[in-house]
Amino acid sequence: MELVNKILKGDVQAAARLMRGLEDEVPQAVEELETLYPHTGKAYIVGIAGAPGVGKSTLIDTLISGLRRENMTVGVIAIDPTSPFTGGAILGDRIRMQQTSVDKDVFIRSMATRGWTGGLAKATLSMIHVFDAMGKDIILVETVGSGQAEVDINRVADTTIIVLSPGMGDDVQLIKAGIMEIANIFVVNRADESRAGDVAQAVELMLEMKTYPSGEWKPSVILTEAIYGKGTEELVEELFKHREYLVSSGGLEKCRRERAKFELIETIEGFVGNYVQQETGEGGYLEKLIDDLAQRKISPPSAALEIINQFTKQFNSATV
Ligand SMILES: Nc1nc2c(ncn2[C@@H]2O[C@H](COP(=O)(O)OP(=O)(O)OP(=O)(O)O)[C@@H](O)[C@H]2O)c(=O)[nH]1
Ligand SMILES: [Mg+2]
């Protein structure tokens with residue numbers, strides 16, 4: 001538990017070490033995280049999602065400056081798309097966000113989700129816990145949106161920001177993919193480009209078509225020029241407004257409960273999934289069950305229960 005105390009004091013190196021351990025799924029790291037867990041739950045989590053290249057990282061960079069001006073400490077998790085050629089994380093994000101990476105109250109971490117058996121959400125939540133225990137006030141999570149990842153980010157974040165930009169040709173597509181339901185704030189970036197107004201108008205129109213009962217949060221549309229730092233102040237203001245709304249409406253408590261529920265379910269699925277993977281090899285327990293299924297000696301639900309029973313037995317003997 002040598003890392004825990006250091007992390008609680010905000011030690012960046014210790015946090016980076018634990019994060020590396022977690023990425024490699026080292027058992028010791030998982031134990032350290034367990035010890036950290038009671039010290040988490042204070043940070044505010046902001047998800048920033050959108051199609052590739054809309055300007056999410058650039059926007060985060062300016063957002064960090066805006067948040068630092070408010071004296072907030074910031075953690076950033078950039079969930080990188082995995083390159084099919086190298087299997088590694090695309091390092092571009094680290095370079096683009098360099099502007100603020102020398103600031104000791106800002107900690108940026110790129111994360112490759114490849115290899116994480118527990119799934120994107122579980123990996124992200126583990127990293128969030130470390131930032132949270134370090135005492136970061138706000139944690140920004142960048143994810144490239146393609147349907148499911150965006151929906152998941154909504155379950156992880158307190159505020160979800162969806163970034164659009166002109167010329168991507170996908171604004172309507174994004175809106176179709178359930179984005180309207182999960183966004184708390186819309187950003188139309190690259191407002192220096194001519195079609196930005198049209199994109200903003202299209203989103204506004206969509207918002208008009210939905211009725212928001214009085215007292216309910218209605219997403220707004222903010223135009224930004226991230227490379228010039230324009231629109232950041234409005235965005236920070238809107239972010240704080242949404243946080244206030246959540247606090248005063250009791251929504252924040254609900255968000256956090258949802259997040260805990262989501263993490264629990266992801267963890268259960270991860271445990272069982274790992275076990276099933278383990279047993280799929282030749283001569284494995286699963287193969288025997290599959291034979292029984294094929295010969296109709298057992299039904300799929302009974303076979304599934306059988307696996308879970310077996311898993312429980314093995315899990316108990318491993319932990320006592
Ligand atoms: N003209 C213009 N270009 C911008 C603006 N914001 C970002 N860019 C540029 O757009 C390109 C992509 O920006 P990123 O911030 O990397 O975009 P991203 O959404 O993080 O991209 P991925 O992480 O690859 O999905 C970069 O070359 C930026 O300089 C803007 O407001 N106007
Ligand atoms: Mg990026």
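The paragraphs below go through a predicted model, from a pair of strands to aromatic pairs, a helix, a pocket and some loop residues.

A starting point is strand S4, which covers residues 138–144. Six of the seven residues of S4 are buried, so this strand is largely enclosed by the rest of the structure. Strand S1, made of residues 44–50, pairs with S4. The two run in the parallel sense, and seven bridges join them. One contact can be picked out by name: alanine 49 has threonine 143 of S4 as its bridge partner.

Aromatic side chains come next. The structure holds three aromatic pairs. One of them is formed by phenylalanine 107 and phenylalanine 131, whose ring centres are 5.2 Å apart. The planes of these two rings stand at 70°, and an angle over 60 degrees counts as edge-to-face, so the pair is edge-to-face. Phenylalanine 107 belongs to strand S3 (residues 106–112), while phenylalanine 131 belongs to helix H7 (residues 120–134). With their positions 24 residues apart, the pair links distant parts of the chain. Phenylalanine 107 has a relative accessible area of 8% and is buried; phenylalanine 131, at 0%, counts as buried.

Another of the pairs joins tyrosine 275 and phenylalanine 311. Here the ring centres lie 5.5 Å apart and the planes meet at 55°, so the pair is tilted. Tyrosine 275 is in helix H12 and phenylalanine 311 is in helix H14 (residues 300–319), so the contact ties together parts that are 36 residues apart in sequence. Tyrosine 275 and phenylalanine 311 are both buried.

Helix H11 spans residues 232–249, 18 residues in total. From its first C-alpha to its last it reaches 26 Å, close to the 26 Å expected at 1.5 Å a residue. Its buried residues are Thr232, Leu235, Val236, Glu238, Leu239, Phe240, His242 and Leu246. After H11 comes glycine 250, which has a positive phi, near 85°.

Leu246 of H11 leads on to the second largest pocket, where it is one of the residues nearest the centre, together with Asn154, Asn184, Lys254 and Cys255. This pocket holds about 680 Å³ of space and has a lining of 26 residues. Helix H8 (148–156), helix H9 (171–182), H11 and helix H12 (251–279) are the elements that give two or more residues to this lining. H12 gives the most, with seven residues. Sorted by class, the lining has 11 nonpolar, six polar and nine charged residues.

Asparagine 184, listed above among the residues nearest the pocket centre, sits in the loop between H9 and strand S6 (185–188). Its relative accessibility is 14%, and the limit for buried is under 20%, so asparagine 184 counts as buried. Asparagine 184 and serine 220 are 36 residues apart in sequence, yet their C-alpha atoms are 7.6 Å apart in space.

Finally, two loop residues other than glycine have a positive phi. Glutamate 25, with phi near 55°, is in the loop between helix H2 (12–23) and helix H3 (27–36). Arginine 190, with phi near 60°, is in the loop between S6 and helix H10 (196–209). Glutamate 25 has a relative accessible area of 32% and is partly exposed; arginine 190 has a relative accessible area of 32% and is partly exposed.

Note on methods: Residues are numbered from 1 along each chain as its sequence is written. Chains are lettered from A and ligands numbered from 1 in the order in which they are written. This is a predicted model: local features need pLDDT of at least 70, side-chain atom pairs count only at pLDDT 80 or more; totals for chains, interfaces and linings use all residues. Side-chain values use heavy atoms; hydrogens and water are left out. Helices (H or I, at least four residues) and strands (E, at least two) are DSSP runs, numbered from the N terminus. The expected span of a helix is 1.5 Å times one less than its number of residues. Buried means under 20% relative accessible area, exposed over 50%, partly exposed in between (1.4 Å probe, protein chains only). On a 1 Å grid over the protein atoms alone, a cavity is a set of points where a 1.4 Å probe fits but cannot get out, and a pocket is an open set with protein on both sides within 12 Å along at least five of seven lines; lining residues have an atom within 4 Å of a point. Grid points are joined across faces, edges and corners, and a volume is the space filled by probe spheres set on the points. Ala, Val, Leu, Ile, Met, Phe, Trp, Tyr, Cys and Pro count as nonpolar, Asp, Glu, Lys and Arg as charged, and the others, Gly among them, as polar. Two strands pair if DSSP finds at least two bridges between them. Rings of Phe, Tyr and Trp (its six-membered ring) pair if their centres lie within 6.5 Å; planes under 30 degrees apart count as stacked, over 60 as edge-to-face and the rest as tilted.
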